[in-house]
Amino acid sequence: MANMPYRRPTVQVHVGNITIGSGVDVVLQSMTTTPTLDTEASVAQVKALAGAGAQLVRLTAQAIAHAANLANIERRLAEDGCEVPLVADIHFVPAVAMEAAKHVEKVRINPGNFYDPGRTFRKMEFTDEEYAAEIEKLGEKFASFLDLCRQNGTAVRIGVNHGSLSDRIMSRFGDGAEGMVESALEFMRVCHRVNFNDVVVSIKASDVSVMTDTVRLLVERMAAEGLAYPLHLGVTEAGNALEGRVKSAVGIGSLLSDGIGDTIRVSLSEDPCNEIPVARFISEYAGENARMNYVAGVQRRGRCGGRRKTVVASCGIGGNNPVGVVGDTLHVTEAGVEVLRISERDKISRARRVLAESGDAPVAIVLAYNGLKTKEEVITAAAVDLGTLLLDGYRDAIGLESDMLTAQECVETCRMIIQACGLARYKADIVACPGCGRTLYNLQEVLDTVKPRFEHLRHLKIAVMGCIVNGPGEMAGADYGYVGGAKGMVSLYRGVECVRRDIPQAEAPDVLEQIIREDGQWTDPE
């Protein structure tokens, strides 16, 4: 598509044979789970991902040897006729980024640990002069890296993770949206100063509302500073199965529906090839939403201004009450609630127009889906549409109808969407990273054990993390969590505190249950 006025305008970034930015379709990415030093396994998985439709593939490079071996992986792929560009994922060691930039088309660096040391959650005090000196040193180090990337024709992703902000940033700007946005802007300003434009920016979090609100703030701040780099979207640690798909669809889809986003990854704790069809559906479905919103002139601008204010109906829907679910907590015959049924494709733009004209009357929005191919497509589409409206601030009641879902499945889907938006808990909030070449235990197997065993603890957030990069950082908001530390071994955390180290993978669920019981947090299933 050559003309996309409904997409946020950006510069175009060239990554090998792929172009990212306004004027082209959203680019689909994934990441290998194989050890990067295992050339044969990595080549095989990159080829499988490319065959599934991935247009960019990321590999971890935690040390110089891993970065250097990317050259062998590139060479083997070229010999086999696979032209998918590779992205090196770097944490902690700038020298590794410098090595990787010689061999791949794009390097992802994490602002939280490229210049600053890894976070330790300590409070740091700076005068304005001292802080400016830190920024100057950061700029010098990053500019030298950009010089090397310019020489090699290598693009850069500035990738902020909520779980790995530096102590320096958190001490001055906090651990929320302001801190994440400032972390990215510090590095973008260097790119702008040295006129390095092959830059993509991402801000990710496992909390969907934090991720979407932060990306919207980033868009505002970039526009204010005249920065027009493309954005990569993703909900990190989305998990697996339908919950993982719903979280990703709500987060990524709500932004794409408003024309924000140029490249995406759906992070699932499954075979990475499973990510691509989900990403493709979200991209195409939400992209059509963006077009229809633009044509209708009802596209949302900026961040959510808070919950839409309504009076309370006699059935208890509206006001500051929890979101109702049609067919569960609310029946469509309840007095005082206007029911809006939408079966047309332009669901978001229609709903936004009606809500803008409905004053303070509670409205139950029921979306009907017919003609989609699978249950998963229905659930994903509903997550994009209903998730967008909930994150807009609409919070009265939602419902779902489909010839492919039972009435109970419609209710369960609405509950998943509401929980993904952070508005209620129907079961434990279990977040899990997708794993990568750094993961030293069977993360998918552990997740399949943890979910059914602990999901009844709806008052708890439990994280399953592959390695130290995202854990314990991404677990800062979790009550308990796993972090892989050694081959086949797991360390268990209470919040950010490691309470048991190096437990065999098979024993970890029993030990975690023991810890939760000792803390008085265990609730037997009803």
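In this predicted model, helix 9 packs against helix 13 at an angle of about 55°, with the two axes 9 Å apart. Because angles that are neither roughly parallel, roughly antiparallel nor roughly perpendicular count as oblique, helix 9 and helix 13 are oblique to each other. Their crossing is right-handed. Helix 9 contributes Leu-242, Glu-243, Val-246, Lys-247 and Val-250 to the contact, and helix 13 contributes Met-416, Ile-417 and Ala-420. By class, six residues of this contact between helix 9 and helix 13 are nonpolar and two are charged, with no polar residue present.

Helix 9 also packs against helix 10, which spans residues 275-296; the axes of the two helices come within 9 Å and cross at roughly 35°. This crossing of helix 9 and helix 10 is right-handed. On the side of helix 9, the contact is made by Arg-245, Ser-248, Ala-249, Ile-252, Gly-253 and Leu-256, and on the side of helix 10 by Val-278, Ile-282, Ser-283, Ala-286 and Ala-290. The contact of helix 9 with helix 10 holds seven nonpolar residues, three polar residues and one charged residue.

A further helix pair is formed by helix 7 (residues 177-193) and helix 8 (residues 208-224), whose axes come within 9 Å and cross at roughly 40°. Helix 7 is therefore oblique to helix 8. The crossing of helix 7 and helix 8 is right-handed. From helix 7, the contact takes in Ala-177, Glu-178, Met-180, Val-181, Glu-182, Ala-184, Leu-185, Met-188 and Arg-189, and from helix 8 it takes in Val-210, Thr-214, Leu-217, Leu-218, Arg-221 and Met-222. Ten residues of the contact of helix 7 with helix 8 are nonpolar, one is polar and four are charged.

The largest pocket of the model encloses about 420 Å³ of space. Its lining consists of 25 residues, and the closest to the pocket centre are Glu-243, Glu-412, Met-416, Gln-419 and Lys-427. Two of these names, Glu-243 and Met-416, recur from the packing of helix 9 with helix 13, where Glu-243 belongs to helix 9 and Met-416 to helix 13. At least two lining residues come from each of helix 9 (241-256), helix 12 (375-392), helix 13 (407-420), strand 15 (429-432) and helix 14 (443-454). Helix 13 gives the most to the lining, with seven residues. By class, the lining of the largest pocket divides into eleven nonpolar, four polar and ten charged residues.

How values were computed. Residues are numbered from 1 along each chain as its sequence is written. This is a predicted model: local features need pLDDT of at least 70, side-chain atom pairs count only at pLDDT 80 or more; totals for chains, interfaces and linings use all residues. Side-chain values use heavy atoms; hydrogens and water are left out. On a 1 Å grid over the protein atoms alone, a cavity is a set of points where a 1.4 Å probe fits but cannot get out, and a pocket is an open set with protein on both sides within 12 Å along at least five of seven lines; lining residues have an atom within 4 Å of a point. Grid points are joined across faces, edges and corners, and a volume is the space filled by probe spheres set on the points. Helices (H or I, at least four residues) and strands (E, at least two) are DSSP runs, numbered from the N terminus. Ala, Val, Leu, Ile, Met, Phe, Trp, Tyr, Cys and Pro count as nonpolar, Asp, Glu, Lys and Arg as charged, and the others, Gly among them, as polar. Axes are lines fitted to C-alpha atoms, for helices over the stretch in contact, and angles run from 0 to 180 degrees between N-to-C directions. Angles under 35 degrees count as roughly parallel, over 145 as roughly antiparallel, 65 to 115 as roughly perpendicular and the rest as oblique. A crossing is left-handed if the near helix is turned anticlockwise from the far one by less than a right angle, and right-handed if clockwise. Contact means heavy atoms within 4.5 Å.
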